[in-house]
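Dear colleague,

Please find the structure below. I would be grateful if you would read these notes with the model open beside them.

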Amino acid sequence: MSGPRVALEVFAKDLRLDLRSRDRLGHMAVFALLVVAMISIVVPASKTERLAWSPALLWVALLFTSLLGLARSFQSETEEGALALLVQAPVDRGWIFVGKAGASLVALIGVELWTATLFTVFLDVDWSAGPLACAGAGLLGAVGLAAVGTLLSALSIGVRFREFLLPVLLFPLVLPILVFASRITADALAGREISAQLWWAFSLYDWVFALIGYFVFDYVLED
Amino acid sequence: MVSAAVMLSVVAALAWLLWLAGDVTGRIGTARWVGGLALALVPVWLLLVAYYAPIEVAQGIIQKIFYVHIPAIIPTYFGFILSAIGGVLYLRTREDRWDQLAVAGAEVGVLFCSLMLVVGPIWAKPAWGEWWAWDLRLTMTLILWFIYVAYLFLRSFAFGSDTAKTYTAVYGIAGVGAIPFVYFALDLAQSATMHPTNPAREGLPAEMGRTVGVGMLTFIWIFAWLVAQRLELASLQARALVASRAETA
């Protein structure tokens, strides 16, 4: 089997698993609902203030929700020694990373669509001012979170206190995603022009971490 | 002249540490000289801070924190760079010495980074009127601190020594990859810049500049000595492990 084929198989397997058990997606959906409900209750009532706060709150809510899913991205592999078998696939293990991150990417996009809907319903966010820019920020954010999250989730497989360690490892590294994405969302919703520099930096970030993930995954999974 | 000595010291200390990591047991004797140099520099630095550097007109005596705060920058970055170099070399060669160098760099780097973050607010309160200004360089340093504290956590929580070595090397590389983006993002997110861009070029009195320079020299050699101690400890631990394994076998 060639590398891309292995990536595709891993990707399809994870997607099937997500759709069949619905554990990961279901938990993230309920968690997002809870977080957005809490946010809606405590955010100031005035419309302008809500609009000003929404982009940042949206991305913080997304970060916490995606953490929940990313932490579980290797759960099926750690059970019954599946990981040991998976790494025996005679291809560059970077492809396993691509498959896993791809499946997480799909899950994260689903979570983003769901959370955006919740923000529309509960906080009355109007996306019509810049739907394309918001979608672009969502896509770039999901790619970045999937890449960094998959790498760090794999790092924290064989580690004690992993539910504590994963956010500690993840948050400082994904801070740029939070800043870029909430800035783009805020500018788009307010109808301001978004600087090209921001898009470049965001895309570059995704590329850098996709490449780091691809190249170092061989070391991460070797034991 | 002092700034040339600082640059020379950074290069010399880096070269010495890389050489030392090659054979810690055989070469640790040289650490005595480095320790002696650091020890000789400390009283010079303190005397300069106390008597030579003038008391700043606007801020008064509190400004002397400057002579601890600024020099701590160099060992902080030095430590993180060592840890990145060590991590890459470890992944390529799988030799324990590079891993030991990486961890020693991160540990001592975190120590100096903490020192900088702690003394900064003590000075900022009287100088800027607030403890924590969330300005670009302050936030950047805080995020760096978070990354390397996470690195040390990962180190101590990973099962199995080879796994821990690989994982920390990988995280160190990811951390270095994130640093430029974090800087750009923070620059974008906050407009406040309280830190002077370059104190040396903004008309710092010569006495103050020289005192900072001597402080940097002192900190660089203290840093190098501490990293050497950490390397010696790691090599002793490795030897003890081998000995205890031989005993049980």
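The notes below cover one helix, the chain contact and the nonpolar core.

This is a predicted model, in which local features need pLDDT of at least 70 and side-chain atom pairs count only at pLDDT 80 or more, whereas totals for chains, interfaces and linings use all residues. Residues are numbered from 1 along each chain as its sequence is written, and chains are lettered from A in the order in which they are written.

Helix H1 of chain B (helices are DSSP runs of H or I, at least four residues, numbered from the N terminus) comprises residues 2-22. Its buried residues (20 or more other C-beta atoms within 10 Å of their own, C-beta atoms being placed from the backbone) include B:Val6, B:Ala13 and B:Leu20. The buried residues lie on the same side of H1(B), because they cover an arc of only 110° around the axis, taken from the directions from the helix axis to the C-beta atoms. They pack against helices H2, H5, H6 and H9 of chain B.

The contact between the chains (C-beta atoms within 7 Å) takes 28 residues from chain B and 25 residues from chain A. H8(B) gives the most to chain B's side, with 17 residues.

The largest nonpolar core (buried Ala, Val, Leu, Ile, Met, Phe, Trp, Tyr and Cys residues joined through C-beta atoms within 7 Å) has 141 residues. B:Leu154 is among those with the most contacts inside it, and B:Leu154 touches residues including A:Leu155 and B:Tyr167.

Yours faithfully

Notes:
Contact = placed C-beta atoms within 7 Å. Helix = DSSP H or I, 4+ residues; strand = E, 2+ residues; numbered from the N terminus. Expected span 1.5 Å × (residues − 1). Buried ≥ 20, exposed ≤ 12 C-beta atoms within 10 Å, placed from the backbone. Lists of a residue's contacts leave out its neighbours within four places in sequence.
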